[in-house]
Amino acid sequence: MSSFDVNKIREDFPVLSQTVNGKPLVYLDNGASSQVPNLVIERGSKYLAEEHSNIHRGVHYLSQNATTAYEAAREKVKRFINAKEAKECIFVRGCTEGCNLVAYSFGRKFINEGDEIILSQMEHHANIIPWQVVAEEKGAKIRVIPMNERGELILEEYENMLNERTKIVAITHVSNSLGTINPVKEMIATAHKFGVPVFIDGAQAIPHFPVDVQDLDADFYTFSGHKMFAPTGSGVLYGKKEWLDKLPPYQTGGGMIRTVTFEKTTYAPIPEKFEAGTPAIAANIGLGAAIDYLNSIDFEAAAAYEHELLEYATEKLSAIEGVRIIGTAKEKASVLSFTIENVHPHDIGTILDQQGIAVRAGHHCAQPVMQFFDVPATARASFAFYNTKEEVDKLVEAVQKVIEVFA
Amino acid sequence: MSELNDLYQEVILDHNKNPRNFREIESATNTADGNNPLCGDALRVYVEMEDDKVKDVAFKGSGCAISKASASMMTQAVKGKSKEDAEILFNEFHKMVTGELDAEADENSLGKLKIFAGVLEFPARVKCASLSWHTLHAALNEEETVSTE
Ligand SMILES: Cc1ncc(COP(=O)(O)O)c(C=O)c1O
């Protein structure tokens, strides 16, 4: 393994020192929600203890401090994903809201009867259903980029799908059920040749490697805070200013207006236009702290270490007879979906839990992926940079135990 | 592993591997589909009623060991019973796995089904154990689908 000091990192995450069912916790469900370092916990408590108040509306001391902290978090997000301007970073409740916001606002304005929306076979339901709703309302058509048996998108088919009726491409950067890293930079460039904007679901990418939205040339990019070491309720929708300026608001109400009469309302500029109502202030300040944390640890070294873990786990698990790895793309983030012959994933999940090992068992909100691989569900171990090789060994041992119980 | 053994007992593992009455009934008078959207467990229960008696009962579908074993043992338990007795069992089973009935202390007719009392320790798995029973209940009352969420 590399020189990355995982034991030191683990001290930053208080959750990890727990025992579960009498065993040390082995937390391998980072794809669902990752754990939160002390820096984030402390920043959140400081806000609650010293700054809690509403933002953008008070002239008083607390409100001004809260507003400053909130906007500082936005600035951190901007630098973290290399947006051109902080106002291109809209705070949302999470990735699901990011998907809904764009589908609804973009769809309402730019999608009409006969138009086409391109998704991929490996999308999370959050990036399928909002588009389905829009397509149904507008009489538009959903087209789906197929994948091969390794779980890689078939790019030739994608290119053939783009045409003058295509209004938007909405695809995931990293598949939450397969771990596949899609070549989104290349796919965005292809769409742009047809003048088509691209929406990227970055929920599973952002915790695993640095993302640069300008380098990708993404038109929209969304992610959740709780999967990147921040609290639930935090999240970001990035959009290029020229797009965000053109889109109608998603929700309306307080905080997003310039003037209101009963006859007519004019909206505030971005980002406020898309931030109606009181947002998750503490959570988003926490997201800012999570970014501070990632900046403090050499995120690239952490990503490389995590990748070694994935390779180690893949090798060990695939060596067990009866284990099938679902998702064997060449480019993968540290998500490892698997099944065991004749054992339902939920039974795997329960038996692993009894060993203190947390994995996810289910369809991972990606039923089309399950249908493609013809499995009802999978078990999924997803790693973060605070996991260890020893934990992978425990996973492997526990999987062997499952096979024994069901032999 | 003691707790685990409470859940994955020999009997349950056996019914999972060799589920009883795992078939369709062509002459079924009542059927219903049960889904557990969280897990993807999906099964169909077939009942053939004759003079208010469960003449035959069977199931098909896919699911975890707990849901399969529970369905399998359910078919054995209600076969030959009157609708009313089957409903009493449904109620008792439901109460047992939700902790409202203590299968050892309270009077009941659960018999072998008591083995599922162990799921109480596994809140995420209660729905797996009760899915087939809810589906049976729906079939007996001529509802077509149930979902345990
Ligand atoms: C790829 C992907 N997209 C979207 C989501 C939805 O994220 P959230 O539930 O945080 O809104 C998830 C979370 O599971 C995901 O993995």
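Rings of Phe, Tyr and Trp, the last by its six-membered ring, count as a pair if their centres lie within 6.5 Å. Planes under 30 degrees apart are stacked, those over 60 are edge-to-face, and the rest are tilted. The structure is a predicted model.

**Exercise 1. Aromatic pairs**

Task: Find how many aromatic pairs there are over all chains. Then classify the pair of Phe372(A) and Phe373(A).

Solution.
- Step 1. The ring rule gives 23 aromatic pairs over all chains.
- Step 2. For Phe372(A) and Phe373(A), the centres are 4.9 Å apart and the planes make 80°. The cut-off for edge-to-face is over 60 degrees. The pair is edge-to-face.
- Step 3. Check accessibility. Phe372(A) is partly exposed, at 32%. Phe373(A) is buried, at 8%.
- Step 4. Look for a cluster. Ring pairs join Phe4(A), Phe13(A), Phe229(A), Tyr293(A), Tyr305(A), Phe385(A) and Tyr386(A).

**Exercise 2. Charges over rings**

Task: Which rings lie under the charged ends of Lys246(A) and Lys389(A)?

Solution.
- Step 1. Lys246(A) places its charged end over the ring of Trp243(A), 4.3 Å from the centre.
- Step 2. Lys389(A) does so over the ring of Tyr312(A), at 4.8 Å from the centre.

**Exercise 3. The interface of chains A and B**

Task: Describe the contact between chain A and chain B by residues, area and polar links.

Solution.
- Step 1. Count residues. Chain A gives 15 and chain B gives 18.
- Step 2. Take the area. About 1300 Å² is buried between the chains, 59% of it on carbon and sulfur atoms. On the chain A side, His346(A), Thr350(A) and Gln354(A) lose the most area, together 31% of what that side buries.
- Step 3. Count polar links. There are 6 residue pairs in polar contact, both residues at pLDDT 80 or more. The interface holds 1 salt bridge. Asp347(A) and Arg125(B) form a salt bridge, with the closest N and O atoms 2.9 Å apart.
- Step 4. Assign elements. Helix H12 (345-354) and helix H14 (389-406) of chain A each give two or more residues to the side that touches chain B. H12(A) gives the most, with 5 residues.
- Step 5. Inspect H12(A). In this helix 9 of 10 residues are buried. Among them are His346(A), Asp347(A), Thr350(A) and Gln354(A). After the helix comes Gly356(A), with a positive phi near 80°.

**Exercise 4. Salt bridges in chain A**

Task: Why does the salt bridge of Glu275(A) and Arg74(A) tie together parts apart in sequence? Then set it beside other bridges of chain A.

Solution.
- Step 1. The whole structure has 27 salt bridges over all chains. In the one between Glu275(A) and Arg74(A), N to O is 2.8 Å.
- Step 2. Glu275(A) lies in the loop between strand S12 (265-267) and helix H10 (281-296), and Arg74(A) in helix H3 (residues 61-81), so the bridge joins parts 201 residues apart in sequence. Both residues are buried.
- Step 3. Lys240(A) and Asp219(A) form a salt bridge at 3.2 Å. This pair also links distant parts of the chain, 21 residues apart. Both its residues are buried.
- Step 4. Salt bridges with shared partners make one network of Arg43(A), Lys46(A), Glu50(A) and Glu51(A).
- Step 5. Arg165(A) and Glu164(A) form a salt bridge at 3.8 Å. Arg165(A) is partly exposed, at 38%. Glu164(A) is exposed, at 66%.

**Exercise 5. Thr166(A)**

Task: Is Thr166(A) buried or exposed, and where is its place?

Solution.
- Step 1. Thr166(A) belongs to strand S7 (residues 166-172) of chain A.
- Step 2. Its relative accessible area is 5%, so Thr166(A) is buried.
- Step 3. A polar atom of its side chain lies 2.9 Å from the backbone nitrogen of Asn163(A).
- Step 4. Beyond neighbours within four places in sequence, Thr166(A) contacts Glu116(A), Ile118(A), Met161(A) and Val196(A).

How values were computed:
Residues are numbered from 1 along each chain as its sequence is written. Chains are lettered from A and ligands numbered from 1 in the order in which they are written. This is a predicted model: local features need pLDDT of at least 70, side-chain atom pairs count only at pLDDT 80 or more; totals for chains, interfaces and linings use all residues. Side-chain values use heavy atoms; hydrogens and water are left out. Buried means under 20% relative accessible area, exposed over 50%, partly exposed in between (1.4 Å probe, protein chains only). A charge sits over a ring if NZ of Lys or CZ of Arg is within 6 Å of the ring centre and within 35 degrees of the ring normal. Contact means heavy atoms within 4.5 Å. Buried area is the accessible area (1.4 Å probe) that two parts lose on being put together, summed over both. A salt bridge is a side-chain nitrogen of Lys or Arg within 4 Å of a carboxyl oxygen of Asp or Glu. A polar contact is a pair of N or O atoms within 3.5 Å; within protein, one must be able to donate a hydrogen and the other to accept it, and residues adjacent in sequence count only if both atoms are side-chain atoms. Helices (H or I, at least four residues) and strands (E, at least two) are DSSP runs, numbered from the N terminus.
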